[in-house]
Amino acid sequence: MRLVVVGDALLDVDVEGTVSRLCPDAPAPVLDVTAEHPRAGGAALAATMAARDGVDVTLVSALSDDEAGERLRPLIEVPGVFGRADSVPVKTRLRCGGTSLARMDRGGGSAPPQVTDDMLDVVLSADFVLASDYGRGLLRDDRLRSVLTRVPMVWDPHPRGPAPVPGVRLATPNLPEATAFSGTADPDQAAARLLAEWKARAVVVTMGSAGAVLHCGGTPVAVPAPAVPVADPCGAGDRFAVTAALRLAGGAAPDDAVADAVSAAAEFLAHGGVSGLRAPLPSTVDEVRRRGGTVVATGGCFDVLHPGHVRMLAAARALGDCLVVCLNSDLSVRRLKGDGRPVNGQNERIEVLLALESVDDVIVFGEDTPEHVLGRLKPDVWVKGGDYNADLLPEAAVVRRWGGRTVVVPYHRGHSTTEILSRRA
């Protein structure tokens, strides 16, 4: 099943720190910054969630060529087809102790995002579509809306965005959005009004800890939510919409899809929300850094492990005190190598790599290139195997940001996965 997520991509940045004093000139807390975590937000976050569920997903959105757009591109973990936007919206949250102190929004531009023919073709080729509207104008485009009437879809609306196109399988406003669109704060009445106004097959009004109300034209169905502690609700709506879309695409009835979506959103929050999406760094890295050692990293698919891999990994490990392998995910390998790859799934590849004496840890990344995971890992040495000029590798500029260096170790000719597979064919 091929899912297409179409909507506004955002750059989300969490600036985390500690607060121990107030400003001398105002009763405002002073945040001593300890870390900054950028991530793909908006429709790009929804697409990331679907990809991590193992779905073949493509993002259709608009990106800018400014600093925010360039920063966002490597954070997007899925393949995409993009039009042009004046500027990518940036949402920056200032956080302390798991709580947001303030949020700063900037960007977004005034001109409507560009919609290309390629974007329309991708939407038409989808088995199912999730429209993830963040009110930035993409889903107002007339050509795109016309195409969206021809595909099965879930529409996650935004109060600053347009109404869904007629005929959507499910619209998923939260209660404030449903109130803004319908003029009533009663969830049953709001769902009924929007069902008629939007000409949707079903409308569900989500209410956080109070669950959801589903209306399909008969008696509304109340869906309770599990009780979970919520420190950060960010991303729960995307988690709900993605799960509902995937269940409907798989043939589930609306009430079953909504019940599963409520449970998935609760589980997402129980595991830390968007903060839980950041995989923790290997403990080995922290231990090596605490004792002043050198962290080495390398990356690749490592699909069919062969002597060339083993020798390269041993050479990389010899350059420092631990070696972390940044491993392309299964979806990433498929995009890079074709539908027949990987031969071995990522769990099998992780197991084989960790069995090598030279490898201390493995981090899986979903993008085509490892810039994002490198930004989190910040290795002292980045190693590539092959006949390269280290300074010309795209990762070299990333690693230089924190004073790291890029080196190339010898490539052992006659050993490659492609050659091995071609001999077997």
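**A walk through the predicted chain**

R39 has its place in strand 3, which spans residues 29–42, where helices (H or I, at least four residues) and strands (E, at least two) are DSSP runs numbered from the N terminus. The model is a predicted one, in which local features need pLDDT of at least 70 and side-chain atom pairs count only at pLDDT 80 or more, while totals for chains, interfaces and linings use all residues. Residues are numbered from 1 along each chain as its sequence is written, and side-chain values use heavy atoms, with hydrogens and water left out.

With a relative accessible area of 11%, R39 is buried; here buried means under 20% relative accessible area, exposed means over 50%, and partly exposed lies in between (1.4 Å probe, protein chains only). Once its neighbours within four places in sequence are left aside, R39 is in contact with L10, L11, D12, D14, L75, R93, C234 and V274, contact being defined as heavy atoms within 4.5 Å.

From this residue we can turn to the whole chain. The protein chain holds 15 helices and 18 strands. Its radius of gyration is 23 Å, close to the 22 Å that the globule rule gives for 425 residues, so the chain is as compact as a globular protein of that length; the radius is taken over C-alpha atoms, and the rule is 2.2 Å times the number of residues to the power 0.38. Taken along the principal axes, the C-alpha atoms fill a box of roughly 70 × 65 × 40 Å. Buried residues account for 50% of the 425 residues, and among contacts between residues at least 6 apart in sequence, 63% join residues at least 24 apart.

The exposed area of the protein chain is about 19,000 Å², of which carbon and sulfur atoms supply 50%, with areas obtained by the Shrake-Rupley method with a 1.4 Å probe and, for residues, only the protein chains shown counting as cover. The chain carries 44 positive and 53 negative side chains, and the centres of these two sets lie 2 Å apart. In this count Lys and Arg are positive and Asp and Glu negative, while His and the chain ends are not counted, and the place of a charge is NZ of Lys, CZ of Arg, CG of Asp or CD of Glu.

In the interior, the largest nonpolar core has 54 residues, and those with the most contacts inside it are V5, L170 and V258; such a core is a set of buried Ala, Val, Leu, Ile, Met, Phe, Trp, Tyr and Cys residues joined through side-chain atoms within 4.5 Å. Not counting residues up to four places away in sequence, V258 touches L170, V204, A212, L214, V223 and F240. Apart from this core lies another, of 32 residues, with M119, L120, A126 and A131 among them.

Two helices can be followed through single residues. S182 lies in helix 5, residues 175–182, and counts as buried at 9% relative accessibility; beyond residues up to four places away in sequence, S182 touches A190, R193 and L194. The C-alpha atoms of S182 and V324, which are 142 residues apart along the chain, are separated by 53 Å. A191 belongs to helix 6, residues 187–198, and is buried with a relative accessible area of 0%. Outside its neighbours within four places in sequence, A191 is in contact with V203, V205 and H215, whereas 44 Å separate its C-alpha atom from that of G375, 184 residues away along the chain.

In helix 11, residues 330–337, the residues L331, S332 and V333 are buried. The cover over the buried residues of helix 11 includes helix 1 (43–52), strand 4 (56–63), strand 15 (322–328), helix 12 (346–354) and strand 16 (361–365). Helix 11 is followed by G338, whose phi is positive, near 110°.

The loops offer further cases of backbone geometry and exposure. F302, in the loop between strand 14 (295–300) and helix 10 (307–317), has a positive phi of about 45° although it is not a glycine, and F302 is buried, with a relative accessible area of 6%. K378, in the loop between helix 13 (371–377) and strand 17 (381–385), is likewise not a glycine and has a positive phi of about 50°, but K378 is partly exposed, at a relative accessible area of 40%. A227, in the loop between strand 13 (221–223) and helix 7 (236–249), counts as exposed at 83% relative accessibility.
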